[in-house]
Amino acid sequence: MAAGRHARILGIFTKLVLTVDRSSPRQVIDRITQNSYSTVAPITKRADRTNKPDFEPPKATTIRATPSSYAHFRPAVPRVHEKFKQRDGRFITYADSIPSLSNRRDLDLSHVYQGPPVPGLFMKKPKCSGRNSEGKITVRHRGGGQDTVLRTVDYERKTPGECKVLRIEFDPARSALVALLMNLQTKDLSYILAPEGIKSGDVVESFVSEIKQFPNTVDKGLVPVSTPRADALALKIAHVPSKEPSNSPPDESTPGKKSWIRTTNIKPGNAMLLMAIPNGTTIHNIGLKPGRGGQICRAAGTFATMIQNTEVPSEMAQIKLSSGEVRLVPATCVATIGRTSNGDWQNRRLGKAGSGRTIRGRRPAVRGVAMGPYAHPHGGGRGRTKGKHPKSIWGYSTKGYRTRKGNKPKWWIIHPKIRGPHVLN
């Protein structure tokens, strides 16, 4: 009896010590038995030992690079042994001997960094479980889920200069992958949405601030009036020997003077204004208002196509979304070349309802016909009743009822998106 009581007390004390110490259970037990725990590894707070910053919203989307800012972290150890996994290059499926994972299908992101984010470029994603400031549920079927850290993404791309892609990271708070950039001039770090096909070591650039320097175009050509960098690039395109950059505008007879941005810098990851993007280019992270960052086409696999462009800043450009909608966007809005990465995100499969609650934070949804007449318009009756027009829980008609107000402006929509079982040509 005494030996069993002593073993239980030793186990409880071991659990308490493990909460504040990173040692293994075997090491803790050895220290306790040798009566040297306090001299070998004194108990300290985890925050004092790791020196990790608290979860505070960052003040900016870029930070100064330090030797420890972009150090490689070891990815998390998988919970399932490799012998139970099956990889085909795109997805990971699991053996049928594991009932909880037999129907699950995850994305194969073994080539992507899955460690913690860069200090200073993240914030804790707030969770409200669908409740407002008064504690009342305003959005149903939400609650629970994992605590996620949201990486702050630079949607505006206002900082000029070449940036090197340090690594591609997986952000559990969003569907698309993110890329960690380092400005080669200022050594600042920032996150952007990783376009399809980008990899570590590539160099991307932003031309947003440079194009804004010349709102009045010269002879409808996308060349700044007096920019030394524009002179050097124009000479490079024309295969002319490099000269010292001057503050005067390039000569009118210089070949390749016009549209130097369009000819040499249309590659995935480069950011520029819509007025500098040629027709037929695939773009994402598109802004809707001048001076603001991207607002649409930011999810995994989304993109838009430039249909009709204009070189006049006061006019509008036409883009076609993947839903088939053609709309007008101001020509001075920002956009990024390419389509967003991780297009197979929609093909993943959680496998069971419990994963939806623990991973996505989705609570169960009760059918209206299973409720009473006081709780839902479909409720009540003996047995299963049919024939009622589909309505929401608040009594509004659904499944075909148009809720958009007639007086709401929609002049920017040239062709609405295709609804119903239609196929895009």
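Which element gives the largest share of the lining of the largest cavity? In this predicted model, that share comes from β9, which supplies four residues of the lining. The cavity in question is the largest of the three cavities of 30 Å³ or more that the structure holds, and about 120 Å³ of space lies within it. Its lining is made up of 12 residues, of which D154, T159, C163, N183 and S190 are the closest to the centre of the cavity. Strand β9, spanning 188-193, and strand β8, spanning 178-183, each supply at least two residues of this lining. In chemical character the lining residues divide into five polar, four nonpolar and three charged.

The chain as a whole has 425 residues, 36% of which count as buried, and its secondary structure comes to eight helices and 17 strands. When contacts between residues at least 6 apart in sequence are considered, 59% of them join residues at least 24 apart. One pair distant in sequence is formed by H111 and I168, which are separated by 57 residues along the chain while their C-alpha atoms are 8.5 Å apart in space. H111 is found in the loop that runs between β4 (105-107) and β5 (122-124), and with a relative accessible area of 64% this histidine is exposed, because the value is over 50%.

In soluble globular proteins, nonpolar side chains tend to be buried together. The largest nonpolar core of the model has 18 residues, and those with the most contacts inside it are L274, I277, I283, I286, M306 and I319. The elements that give two or more residues to this core are β13, β14 (316-321) and β16 (334-337), with β14 giving the most, three residues. For I286, once the neighbours within four places in sequence are left aside, the contacts are L274, G294, Q295, I296, C297, A304, I319, V334 and A335. A second core, separate from the largest, has 14 residues and includes F91, L107, L109 and I198.

Strand β16 also contains T336, a residue with a relative accessible area of 3%, which is buried because this value is under 20%. Leaving aside neighbours within four places in sequence, T336 is in contact with R157, G269, N270, A271, T282, I283, H284 and N285. Of these contacts of T336, N285 lies in the loop between β12 (282-284) and β13 (304-308). N285 is at 5% relative accessibility and therefore counts as buried, the limit being under 20%. The backbone of N285 has a positive phi of about 50 degrees, although the residue is not a glycine. A positive phi in a residue other than glycine is also found at H141, where the value is near 65 degrees. H141 is located in the loop between β5 and β6 (149-151), and its relative accessible area of 29% places it in the partly exposed class, because this class lies between the limits of 20% and 50%.

Among charged side chains, the count of salt bridges comes to 13. R104 is paired with D106, with the closest N and O atoms 3.0 Å apart, and both R104 and D106 are buried. R174 is likewise joined by a salt bridge to D171, where the closest N and O atoms are 2.8 Å apart, and R174 and D171 are also both buried. This pair belongs to a network of salt bridges in which R151, R167, E169, D171 and R174 are linked. A further salt bridge joins K199 to D202, the closest N and O atoms being 3.4 Å apart. K199 counts as exposed, because its relative accessibility of 51% is over 50%.

Key
Residues numbered from 1 in each chain as written. Predicted model: local features only at pLDDT ≥ 70, side-chain atom pairs only at ≥ 80, totals over all residues. Heavy atoms only, no water. 1 Å grid on protein atoms, 1.4 Å probe; cavity = no way out; pocket = protein on both sides within 12 Å on 5 of 7 lines; lining within 4 Å. Points joined across faces, edges and corners; volume = space filled by probe spheres on them. Nonpolar A, V, L, I, M, F, W, Y, C, P; charged D, E, K, R; others polar. Buried < 20%, exposed > 50% of the residue type's maximum accessible area, 1.4 Å probe, protein only. Core = buried A, V, L, I, M, F, W, Y, C linked by side-chain atoms within 4.5 Å. Contact = heavy atoms within 4.5 Å. Salt bridge = Lys/Arg side-chain N within 4 Å of Asp/Glu carboxyl O.
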